[in-house]
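Student: I am new to this structure. Please start from one spot in a loop and look at it closely. Then lead me from there towards the middle, step by step.

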Amino acid sequence: MNRSPIGVIILFGPPGAGKGTQARELSKYLGIPHISMGDILRSNITAGNLLGRGVKEILDRGELVPDSAVKDMLQVRLLNADTSQGYILEGFPRTLEQAHWLSMTLTSFSNDLRIVAVAIEMTRSQLVRRIAGRKHCPFCYMTFNIYGNRPQKDGFCDRDMTPLVQRPDDCEEILDKRLDIYDRLTMPVFEHFRAEGVLAKVAGEGPIMSITNEIINCIEARLNAVSKQFGCDTYSP
Ligand code: ADP
């Protein structure tokens with residue numbers, strides 16, 4: 001079936017804001033892939049390849065992987081045909097350099113995908129609590145949380161029953177560093193998309209599905225505004 005392209009949905013938010021959970025829900029609803037930079041990096045670490053060995057310590061310390069490395073990895077992923085109608089980007093861009101690279105890359109593709117950026121906002125105390133209760137499946141990367149998104153069987157993944165683990169960077173000390181990096185390096189990216197008029201904000205506290213619905217409303221409003229501007233039909237997924 002031919003349908004009009006959806007676009008590139010960028011999910012922003014500090015660590016623990018629920019970007020991964022929301023990205024998975026949006027992917028199901030919009031029928032476009034979810035691309036998580038953190039998952040791409042962790043799958044290289046699990047595979048034990050050269051790249052994974054090179055970045056493991058950086059992730060454990062809560063620092064950012066060099067721009068050149070993440071850009072190269074994302075470029076390879078974007079060549080996959082499943083991205084032609086759009087995709088949900090989680091964890092990218094995190095620096096202004098990554099944001100400029102993404103804009104340039106998008107203009108070099110012929111499908112002319114438009115950006116919709118959504119920022120999920122949370123207070124620091126909400127994030128600390130979330131991160132403390134967060135566990136993930138080391139096999140499929142699904143995340144769970146004892147505060148609000150519990151697995152059906154305590155300690156095991158709902159999808160494949162793999163025992164859940166806590167990420168080494170999900171402790172309060174490393175979280176402080178990740179939040180500091182978010183404020184210094186990622187907030188300017190957020191401001192960049194705000195200045196371009198493509199950023200919407202949603203509150204990250206509340207039932208998962210109501211946050212998803214709010215994000216969907218923001219995306220549809222933005223895509224409809226773009227359709228009108230270009231004289232196309234109203235957008236519907
Ligand atoms: P969170 O959003 O909770 O911090 P992620 O899974 O998105 O978790 O990222 C985990 C780690 O992976 C980051 O702390 C960083 O080390 C690395 N990382 C992910 N995305 C990027 C990126 N775009 N640029 C550089 N490093 C990244």
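**From a loop to the middle**

Tutor: Tyr141 lies in the loop between β5 (134-136) and β6 (143-145). Keep in mind that this is a predicted model. What is the phi of Tyr141? Phi is positive, about 70 degrees, although Tyr141 is not a glycine. Most residues other than glycine have a negative phi. Is Tyr141 buried or exposed? Its relative accessible area is 13%, and the limit for buried is under 20%, so Tyr141 counts as buried.

Now move along the chain. Met161 sits in the loop between β6 and α7. Met161 too has a positive phi, near 60 degrees, and is not a glycine. Its surroundings are another matter. Met161 is partly exposed, with a relative accessible area of 43%.

Asp160 belongs to the loop between β6 and α7 as well. Asp160 is partly exposed, at 27% relative accessible area. Which residues does Asp160 contact, leaving aside neighbours within four places in sequence? They are Cys137, Phe139 and Cys140. Where is Asp160 relative to Val8? The two are 152 residues apart in sequence, and their C-alpha atoms are 29 Å apart.

From Val8, turn to Gly7. Gly7 is part of strand β1. Gly7 is buried, with a relative accessible area of just 1%, which means the value falls under the 20% limit. Leaving out neighbours within four places in sequence, Gly7 contacts Ile32, Gln85, Gly86, Tyr87, Leu113 and Arg114. Another residue to place is Cys218. Gly7 and Cys218 are 211 residues apart along the chain, but 13 Å separates their C-alpha atoms.

Two of the contacts of Gly7, Gly86 and Tyr87, lead to β3. β1 and β3 run parallel, and five bridges join them. Leu11 stands opposite Glu90 in β3. β3 also pairs with β2 (residues 34-36), again in the parallel sense, over three bridges. There, Ser36 stands opposite Glu90. So how enclosed is β3? Five of its five residues are buried, so β3 is largely enclosed by the rest of the structure.

In a regular strand the side chains alternate between the two faces of the sheet. Take the faces of β3 in turn. Gly86, Ile88 and Glu90 are on one side, and Tyr87 and Leu89 are on the other. Both faces are covered, since the residues on each are all buried.

Stay with Tyr87. Its partners, beyond four places in sequence, are Gly7, Val8, Ile9, Ile32, Pro33, Ile35, Leu78, Leu102, Leu106 and Leu113.

Next, the nonpolar cores. The largest one has 33 residues. Ile10, Phe12, Tyr87, Leu89, Leu102 and Phe193 touch the most other members. Several elements give two or more residues to this core: β1 (7-12), α2 (37-47), α3 (50-61), α4 (67-78), β3 (86-90), α5 (96-108), β4 (115-121) and α7 (172-195). Which of them gives the most? α4 does, with five residues. Apart from this core lies another, of 24 residues, among them Ile32, Ile88, Val118 and Ile131. Compare this with β3: Tyr87 and Leu89 are members of the largest core, while Ile88 is in the other.

Just past β3 comes another feature to look at. The peptide bond from Phe92 to Pro93 is cis, with omega near 0 degrees. Most peptide bonds are trans. Pro93 is in the loop between β3 and α5.

Phe92 and Pro93 also help to line the largest cavity. Rolling a probe the size of a water molecule over the atoms shows where empty space is left. How many cavities of 30 Å³ or more are counted? There is one. The largest cavity has a volume of about 60 Å³. Its lining is made of Ile10, Leu11, Phe12, Gly13, Lys19, Gly91, Phe92, Pro93, Arg94, Tyr182 and Thr186. β1 and α7 are the elements that give two or more residues to this lining. The largest share, three residues, comes from β1. By class, the lining has six nonpolar, three polar and two charged residues.

Key. Residues numbered from 1 in each chain as written. Predicted model: local features only at pLDDT ≥ 70, side-chain atom pairs only at ≥ 80, totals over all residues. Heavy atoms only, no water. Core = buried A, V, L, I, M, F, W, Y, C linked by side-chain atoms within 4.5 Å. Buried < 20%, exposed > 50% of the residue type's maximum accessible area, 1.4 Å probe, protein only. Helix = DSSP H or I, 4+ residues; strand = E, 2+ residues; numbered from the N terminus. Contact = heavy atoms within 4.5 Å. 1 Å grid on protein atoms, 1.4 Å probe; cavity = no way out; pocket = protein on both sides within 12 Å on 5 of 7 lines; lining within 4 Å. Points joined across faces, edges and corners; volume = space filled by probe spheres on them. Nonpolar A, V, L, I, M, F, W, Y, C, P; charged D, E, K, R; others polar. Pairing = 2+ DSSP bridges.
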